[in-house]
Amino acid sequence: MLELNATNYRTQVLSDLADIRSDAWNGLVDADGGANVFVRHAYLHALHATTCASSRTGWAPAYLTLWDGATLAAATPLYAKDHSYGEYVFDWSWAEAYQRAGLEYYPKWLSAVPFTPVSGRRSLARDAPARRALAEALLGLARASRLSSLHVLLAPQEDITLLESCGLLARRTVQFHWLNAGYTTFDDFLAALTQPKRKKIRAERRKVDEAGVVVQRRTGRDITEAEWAFFHRCYRTTYAAHHSTPYLNFDFFLRLAEQMPENLLLVTAKRGRRAIGASLGVYESTPTTGRLFGRYWGAIEHVPCLHFECCYYQMIEFAIERKLDVFEGGAQGAHKMARGLDPVTTWSAHWMALPAMHSAVARFLVRESESVEHAIEELDEHRAFSSPPPLAEEG
């Protein structure tokens with residue numbers, strides 16, 4: 001535990017989220033309309049308690065917290081990273097530039113949710129003054145350390161604007177989200193699409209049905225441990241197919257199933273009595289809004305279009321049934337537009353300790369932002385819908 005100075009607050013850097021009561025942490029989450037399920041105490045602590053995100057895996061936790069007496073006033077998930085894996089906002093070229101200059105890029109500071117390409121609050125705060133103090137303390141910590149840089153990933157645009165005022169650089173990226181325009185059924189959604197896209201989706205779903213595959217959805221405690229074990233097998237299979245190592249272990253998913261069952265959706269595909277594929281969604285719903293986040297997928301048999309069925313169409317059907325406003329399909333993938341998802345701008349902020357590198361990154365981000373803007377304009381010409389989309393709230 002490290003204590004720093006901050007105006008009107010006592011500042012601590014904590015290496016273990018267990019040092020903060022869950023009700024105190026979640027109180028900040030619940031008070032903040034921009035926060036989502038992935039910054040709740042149970043989710044973040046599960047990542048660390050199961051060693052998925054830990055010093056051993058290159059994610060050394062260093063939670064920055066601001067205290068008003070004994071009251072938690074603000075906090076952010078913060079890590080000293082030894083690599084750039086599991087982030088989904090890519091800075092490999094910056095690391096290479098440091099290497100060419102004979103400089104060390106790692107470790108670096110990262111404020112994000114590990115392995116989770118979902119926009120949302122990174123700076124949890126009880127009010128605007130505490131959020132401003134947290135932003136200043138975050139940059140102060142980065143300046144005082146010997147680490148190369150600070151990165152705040154996939155935060156709301158208003159938080160990025162605040163960080164820009166402190167000296168960070170804004171970065172614009174793109175994801176693909178499905179927006180619920182008040183659909184009552186999946187056919188209602190299909191009716192909003194252009195005829196070719198509608199025909200294509202129906203054909204893809206028919207292929208799965210004609211292959212003798214039945215797909216079921218389960219939520220919460222209705223998901224059995226055997227189903228979790230099969231899902232994890234599918235999850236590992238996806239990574240093996242790409243010759244990489246899974247970020248998350250079975251204990252992590254079992255911990256979520258025990259502590260956050262109300263947020264979990266499991267889609268399982270079966271041929272006869274044999275399960276052959278599965279996908280996981282995480283969702284949250286309040287009286288005023290709701291979001292579904294597509295997370296992980298895998299299959300042990302190849303069935304044409306099964307990926308689209310489990311990862312998109314079943315998720316969209318669930319969102320319609322539960323009256324959820326948004327389905328986020330995860331990172332990247334312009335192919336999602338043909339399935340009814342639209343491009344949405346997402347934001348991150350970056351600071352480099354070396355002024356020359358900071359200036360170089362600033363020039364790069366200007367060029368990249370122009371390219372992103374042009375790409376979004378081009379993508380809009382390939383939307384699946386026959387009319388303009390409902391207004392999207394940017395990350």
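Let us start at an opening in the fold: helix 8 (225-241), strand 13 (274-285), strand 14 (290-299), helix 10 (306-321) and strand 15 (326-331) each supply at least two residues to the lining of the largest pocket. Keep in mind as you look around that this is a predicted model. The largest pocket holds about 1,200 Å³ of space, and 49 residues line it. If you want to find its centre, look for Tyr88, Thr238, Tyr239, Arg295 and Tyr296, which lie nearest to that point. Strand 14 is the element that gives the most to this lining, with 6 residues. By character, the lining of the largest pocket divides into 24 nonpolar, 20 polar and 5 charged residues.

Now turn to the second largest pocket, which has a volume of about 730 Å³. Its lining is made up of 31 residues, and those nearest its centre are Gly33, Gly34, Ala35, Glu284 and Arg291. Here the elements that give two or more residues are helix 1 (22-30), helix 5 (157-166), strand 13, strand 14 and strand 15. Strand 14 again gives the most to the lining, this time with 3 residues. The residues around this second largest pocket divide into 8 nonpolar, 13 polar and 10 charged.

From the pockets we can move to the nonpolar cores. The largest nonpolar core has 54 residues, and the members that touch the most others are Trp25, Phe231, Leu248, Phe252 and Phe253. Helix 8 provides the largest share of this core, 6 residues. Phe252 is a good place to pause: leaving aside neighbours within four places in sequence, Phe252 is in contact with Tyr43, Ala46, Leu47, Thr50 and Cys52. Apart from the largest core lies another core, of 39 residues, which includes Ile276, Cys305, Cys311 and Phe327.

Our last stop is a single residue, His151, in strand 9 (residues 149-155). Is His151 buried or exposed? His151 counts as buried because its relative accessible area is 1%, and the cut-off for buried is under 20%. Beyond its neighbours within four places in sequence, His151 is in contact with Asp91, Trp94, Tyr105, Lys108, Trp109, Leu110, Ser111, Ala349, His350 and Met352. One of these, Leu110, is 41 residues apart from His151 in sequence, yet their C-alpha atoms are 4.9 Å apart in space. The side chain of His151 also makes polar contacts: one with the side chain of Ser149, at 2.8 Å, and one with the side chain of His350, at 2.8 Å.

Technical notes:
Residues numbered from 1 in each chain as written. Predicted model: local features only at pLDDT ≥ 70, side-chain atom pairs only at ≥ 80, totals over all residues. Heavy atoms only, no water. 1 Å grid on protein atoms, 1.4 Å probe; cavity = no way out; pocket = protein on both sides within 12 Å on 5 of 7 lines; lining within 4 Å. Points joined across faces, edges and corners; volume = space filled by probe spheres on them. Helix = DSSP H or I, 4+ residues; strand = E, 2+ residues; numbered from the N terminus. Nonpolar A, V, L, I, M, F, W, Y, C, P; charged D, E, K, R; others polar. Core = buried A, V, L, I, M, F, W, Y, C linked by side-chain atoms within 4.5 Å. Buried < 20%, exposed > 50% of the residue type's maximum accessible area, 1.4 Å probe, protein only. Contact = heavy atoms within 4.5 Å. Polar contact = N/O pair within 3.5 Å; in protein donor to acceptor, adjacent residues only side chain to side chain.
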